[in-house]
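Q: Hey, can you walk me through this structure? I'm new to this, so plain words please.
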Amino acid sequence: MTDDDQPASDLPGILSSVESTHSGLNEAGKPAGETPNQSTSEDAFALVGNEIRAEIIRTLGAHDADATGESTLGFADLRAAAETDVVSSQFNYHLQKLVGHYVEKTDEGYRLRPEGKMLYRTIRAGTFTERESLSPVAIDQDCYYCDDQLKLAYDDGMFTVQCHGCETLYDLILAPPSAVRTDENLQSRVEGYNYHLRQAFAQGVCPTCLNPLETELLDPSETGFTDVVERDLYVYQSCGYCGNHSYLSLGSLFLHHPAVIGFCYEQGLDVTTTPRWEIPFAATDRYLTVRSTDPWEIVLEVPVDGVTLELVVDEELSILDHSVSASPADDDI
Ligand SMILES: [Zn+2]
Ligand SMILES: [Zn+2]
């Protein structure tokens, strides 16, 4: 595939919400299910493999999402709000199966536990159950390799930013179908979400399961991408726990480095909100100079508004040296 940035994730990022600190790890840091008092994942799925239990979770989740700030429902109210037609004893039987797992019983009634909220939000996002698509829409950026305009599209659970002229793929972002329910501020929402996911990668943390990532620099010939356009290297990061992985350009990764964020901001460019396909030193490798591959040593130029920040980076992605100088006129962003 022609490629610029590769998926930030092989799993939907919906699980990377704030409450995903409840990540299924027990206190010893082992996956849930490895100790007798933890449910196996099969048990957890089986618990909601029933339409009445799923409706109870949906009802409690919708109540929690309500603006009232009240997340608890008494039994009678819960049963009345749930769209089921079973008798009280049968409803209670299924409710009690959820208590201690996805649902918590309190003196006031029933509410979702954190795991239940995560499940509800994942279902709402349509990650596992829905298909949506968005026909390619032109975005305000020309391709760096031909004169065509880039297009944003959504299909098969992922956004693509691609040139349909030369087919260069600039970005690929896995996201739940709920993302395209409205087209309001779509581009900025996509990049906001993208930045959030890649920020975790840049910090060496898996955004899905919170485990540490392995990071290495790869020559494009080592990636298996056979038709890579003008690419000098990839930053490859992988999670040995859940299989999540990411291929990024060095410039794209450094959009998350405080030295680059601060320099660009001083020069009038906010890299935390500007789509990365609009930033030449992130979208292409034209501002990279590979000094050495064994060990890796790379120079990354960040030219903004007449001034260039030059970073010398090693294979640990540490900055060995940096300098600031006037930019050549044609380098300006
Ligand atoms: Zn093109
Ligand atoms: Zn992971």
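Q: What's the order of the strands in the open sheet that includes strand 10?
A: The order is 10-11-12-13, an open sheet of four strands with antiparallel pairing. Strands here are DSSP runs of E with at least two residues, helices are runs of H or I with at least four, and both are numbered from the N terminus. Two strands count as paired if DSSP finds at least two bridges between them.

Q: Which strands stand at the edges?
A: Strand 10 (288-293) and strand 13 (319-326) do, and each has a single partner strand, so one side of each is left without a neighbour in the sheet. The twist averages 15 degrees from one strand to the next. Angles run from 0 to 180 degrees between N-to-C directions, using axes that are lines fitted to C-alpha atoms, for helices over the stretch in contact.

Q: How many bridges pair strand 11 with strand 12?
A: Eight bridges, in the antiparallel sense, between residues 296-304 and residues 307-314. Glu297, for instance, stands opposite Asp314 in strand 12. Helix 8 (residues 258-266) packs on this sheet and touches strand 11, strand 12 and strand 13. Contact means that the C-beta atoms of two residues, placed from the backbone, lie within 7 Å.

Q: Is this an experiment or a prediction, and how is stuff numbered?
A: It's a predicted model: local features need pLDDT of at least 70, side-chain atom pairs count only at pLDDT 80 or more, and totals for chains, interfaces and linings use all residues. Residues are numbered from 1 along each chain as its sequence is written, while chains are lettered from A and ligands numbered from 1 in the order in which they are written.

Q: What's the mean pLDDT of the chain?
A: It's 84, and 83% of the residues reach 70 or more; pLDDT is the predictor's confidence in each residue, from 0 to 100. Over residues 1-37 the pLDDT is below 50, though that stretch still has 94 contacts in the model beyond near neighbours in sequence. Where pLDDT is low, the predicted coordinates should not be read in detail.

Q: OK, new topic. What about the sheet with strand 3?
A: That one is open too, with four strands in the order 3-4-5-6 and antiparallel pairing. Strand 3 (134-142) and strand 6 (169-174) are at the edges with a single partner strand each, so one side of each lacks a neighbour in the sheet.

Q: How do strand 4 and strand 5 connect?
A: They form a hairpin with two residues between them, and Asp156 in the turn has a positive phi of about 50 degrees. The two strands pair over six bridges. Leu152 has Val161 as its bridge partner in strand 5, and Val161 has Asp171 as its bridge partner in strand 6.

Q: Which helix lies across those strands?
A: Helix 6 (residues 186-202) lies across strand 3, strand 4, strand 5 and strand 6, at about 75 degrees to strand 6.

Q: And how many residues are in the largest nonpolar core?
A: It has 49, and Ile173, Leu250, Val260, Leu300 and Val302 have the most contacts inside it. Helix 6 gives the most to this core, with six residues. A nonpolar core is a set of buried Ala, Val, Leu, Ile, Met, Phe, Trp, Tyr and Cys residues joined through C-beta atoms within 7 Å. A residue is buried if 20 or more other C-beta atoms lie within 10 Å of its own.

Terms used: A residue is buried if 20 or more other C-beta atoms lie within 10 Å of its own, exposed if 12 or fewer, and partly exposed in between; C-beta atoms are placed from the backbone.
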